[in-house]
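User: Please take me through this structure by question and answer, with the reasoning spelled out at each step.

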Amino acid sequence: MLMADTRVVELRVHGFSGTPAESLVDAVAAVDVAGDGIGRLVRPADRLRRPAPGPILMAGGRPVPRVVEGYLWGALTSGGWAKATWALLLPFALSNVAHWMLPPLPADRWPGRVLGLLLRSLLRAVSLLLTCLLIGQFTLLSLDLVAAQCLAPGTACLPAVVPDWARQVPALRAAVGLLPVLALVWLLHRLSGTDWSAPGPGPSQATAAPSLPATPLAGDPDTPTLRALHAMAGLGTAALLALGGPAGPTTPNLTALWTVALGLLAVALAGAVLLDDPTGGSPDRGGDWVRAVLGRWPRRILLVAGAALLLGTVALLRLPARPLARPLPGADETLESVSALLTVLCGAVAALLVPAARLARPAWSTLPRRLRPWAGGWAAAPVVALAVLTGAGFGAGLALTARRVLGAPDLQLPAGYAAITLVWGAGGALLAAAALVTGAVLGHRHWLLVRGRTEPPVEVPMLHPDRAEQATVAPAWWRADLMRNHVHHVLIAVPGVLVVLVGVVWVVHLAGVTPPAWTRTVSAFGVTVLAALAGGLLGAVYRAARQPDAARHLGQLWDLASFWPREAHPAVPPAYPLKVVPELVRRARQHLAEPGTRVVLVGHSQGSLLAAVAAARLLAELPAADRRRIGLVTTGSQLLWAYPRAFPAVVPHSCLAELSGALGGRWRALCRGTDPIGGGVTTWLRQSFQGSLLGIGVRADGTEGALPPATASPHGALVLGGDHWLPDPGRGPVAGRRWHPGILGHSDYQADPEWDRAVAMAAGLDGDLGNDLGNDLGNGVGGGVGGGSSNGTGNRGGGNRGKGFGLGGHGRHSAAAMS
């Protein structure tokens, strides 16, 4: 019932970084009303730049005051040189993301506990070796390529920059080669200590709070022990490479330093394997004794020992006083050893993920295939392989680019780099050929859709009765559906091809077979690919630093990667949800303190996950009476098709259903079939039957099963369950609203008139919501569709599709296809 003092606060959260404040609150001007300058709360502004009230919200046939606020978090991940250079740490971020993609293993069974412990340990070991690989490659670049070869006496490399007398001082050349490495390790250590401060969660007063999506995001992002281990590993790798590599020191007077370097690496690797929970945020996981042993002072002593080791190497190392005919002794052996260990560990991760995914399968076996985890829960393996391949490729590409910039093509690189160029050359050629074939097949399919020779998706004729418009809309629906359903196949295929090629190269190398002459052409192509990889990434960093708005694609990639806290690798940016979610919760509670206020959290794209986590936290903290004043609207969201499938242990399908039930129908999702990034959130397996749109999804009480037929909204949208499918392009200009012709896809959901209706329904103020709830409760959990029956238990994942969804072969999905 609407009270006289009822008002709605619409608290918006944008998607990927780079969204302007004016666009977020849909106004010509916006001003800050709270925040610390990094996380900003903004409102629309009037001509005097004062916060203005939002547009009136029509709900239940009467106007309701509305306040529009937006939370801007883009400054947490983009802006300036410091944040732009984070993109250079993409391999580290991928290894950290792979940790969160592990399947949900049952903790009450010992095989699950053992497999989880082994997989987490192996991923931390892979991440540590990635640090060793990066530092080793940078050491080779600065010490070997520049100091030992380019600056050697008698070379024609950089004659106008470095005088002859400087080339005659061995200690100076060693300092030029190793001190930048020490600076890089220090920068990585400082970066991994960056933190976003935010208030802690409030006291829980709810009696039946839903399980939180992304619950581990509550962990402490500061991982001092893991930071120290990676710094030690980096210093030890640089010193080991300079001193002669794993085979031993080049001269007897370096034996002590070589032993210390090997000891530091052993301690770092053992600590990373044994440190089960770096954050200390999970009481059911170990690692406490490792953190106790490596307390503040032991860590400081080890870090000082590592720095002293590198400085001692600078003082005692004697670089050759003549141009080298081969790389520095130890360079090739060090990088080959790290690469071999990474190959073995990646293979072990892939092998252990097979029984782990099998053990976790009961958690999703009742779900439809399109809702099950990617690659059956095995997707972490290709992601960690991609991290290793990207790290190796970027290091090789950087060295090849540096050799070209130095203007000395006769500088020698390790023999292992020839294998890397061969892998990337062959992989680039194969992937390019596959892309051409796939493009031809998809182009033919697109031509059939445009010509009307293929049936469009069942929703298109309902949203766009005009057949001429269907010819334009159907290909856009098909392209978006292709993106959502097959992006993970690309994610698996690209590293899969490269991994197979790496295996072939390793077999040839171990067998001592000389590659045929034609592989030189492939390697030459690989040099071009790697140089383009390094140059493109460096160029993207430059553009992101100078013009952040012009480099949004790089920002989007980084927003996805830096969402997750540091569990496997510390040298990644701090997870922004650790700041965003608590501040959203605090702001919502401030508004709820005013009687009659209802808060609707609105999240677009990536912001939809932030809004969902914040809504769940609010439901966990608020008393039962106040929980009814919370609503959630998601637009262009990936919460159904991507996050539960990529991160099944962190954002499982079950917690989304439970959150929807806790909100009691006050979770509304705006979606477009033309949106390649967003999709339906609460419904799936849609089909047409006798002119009606049917589907399976989450009901208002949180159970899952067949839903009542979709209803048409006054604005032409189809409302099925909690999803509002919008016509795109819209059906025509609406009085009093902005109009944008053409297909909008993932952008500008605020322009659709269905936005206000969804907000009113999420606030619990729209009469249609009551009708929907009445229909759901009247039908009961077992209310079948099309005359079918159900067992009344709310089978998960459309378990009653054989009974309540057996509708024959109507529309795009027949009953057989949907099962």
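**Strands and their partners**

User: Strand E8 (residues 630-635) and strand E9 (residues 667-671) run parallel, so to speak side by side; how many bridges join them?
Analyst: Strands here are DSSP runs of E with at least two residues, and helices are runs of H or I with at least four, both numbered from the N terminus. Two strands pair if DSSP finds at least two bridges between them, and within this pair leucine 632 stands opposite tryptophan 667 in E9. The number of bridges that join E8 to E9 is 4.

User: What kind of model is this?
Analyst: Residues are numbered from 1 along each chain as its sequence is written, and side-chain values use heavy atoms, with hydrogens and water left out. Local features need pLDDT of at least 70 and side-chain atom pairs count only at pLDDT 80 or more, whereas totals for chains, interfaces and linings use all residues, this being a predicted model.

User: Which strands stand at the edges of the open sheet of 10 strands?
Analyst: The sheet has mixed pairing, and its strand order is E2-E3-E6-E1-E7-E8-E9-E15-E14-E13. An edge strand has a single partner strand, so one side of it is left without a neighbour in the sheet. The strands in that position are E2 (30-35) and E13 (711-712).

User: In which sense does strand E3 (residues 40-44) pair with E6?
Analyst: E6 also pairs with E1, in the parallel sense over 6 bridges, and there valine 68 in E6 is the bridge partner of glutamate 10. Towards E3, leucine 41 stands opposite tyrosine 71 in E6. The pairing of E3 with E6 runs over 3 bridges, and its sense is antiparallel.

User: How many residues of E6 are buried?
Analyst: Buried means under 20% relative accessible area, exposed means over 50%, and partly exposed lies in between, with a 1.4 Å probe and protein chains only. Arg66, Val68, Gly70 and Leu72 point one way from E6, while Val67, Glu69 and Tyr71 point the other way, and all of them are buried. E6 is therefore largely enclosed by the rest of the structure, the buried count being 7 of the 7 residues.

**A helix on the sheet**

User: At about what angle does H23 run to E8?
Analyst: Contact means heavy atoms within 4.5 Å, while axes are lines fitted to C-alpha atoms, for helices over the stretch in contact, and angles run from 0 to 180 degrees between N-to-C directions. H23 lies across several strands, including E1 (7-13), E6, E7 (597-604), E8 and E9. Its angle to E8 is about 150°.

User: How many residues of helix H23 are buried?
Analyst: Among the buried residues of H23 are Glu754, Trp755, Asp756 and Arg757. The helix covers residues 754-762 and is largely enclosed by the rest of the structure, because the buried count is 9 of the 9 residues.

**Paired charges**

User: Which residue meets arginine 66 in a salt bridge?
Analyst: A salt bridge is a side-chain nitrogen of Lys or Arg within 4 Å of a carboxyl oxygen of Asp or Glu, and here the N to O distance is 3.0 Å. Arginine 66 lies in strand E6 (residues 66-72) and its partner in helix H23, so the pair ties together parts that are 690 residues apart in sequence. Arginine 66 counts as buried at 4% relative accessibility, and the partner counts as buried at 17%. That partner is aspartate 756.

User: Which residues are joined into one network by salt bridges that share partners?
Analyst: Aspartate 277 forms a salt bridge with arginine 285, the closest N and O atoms being 4.0 Å apart. The side chains of arginine 285 and glutamate 567 also meet in a salt bridge, at 3.3 Å from N to O. That second pair links distant parts of the chain, 282 residues apart. The network joins Arg120, Arg124, Asp276, Asp277, Arg285 and Glu567.

**The disulfide**

User: Is the disulfide of cysteine 150 and cysteine 157 left-handed or right-handed?
Analyst: A disulfide is a pair of cysteine sulfur atoms within 2.5 Å, and the sulfur atoms of cysteine 150 and cysteine 157 are 1.9 Å apart. Cysteine 150 is buried, with a relative accessible area of 0%, and cysteine 157 counts as buried at 4% relative accessibility. The torsion about their S-S bond is about -80°, so the disulfide is left-handed.
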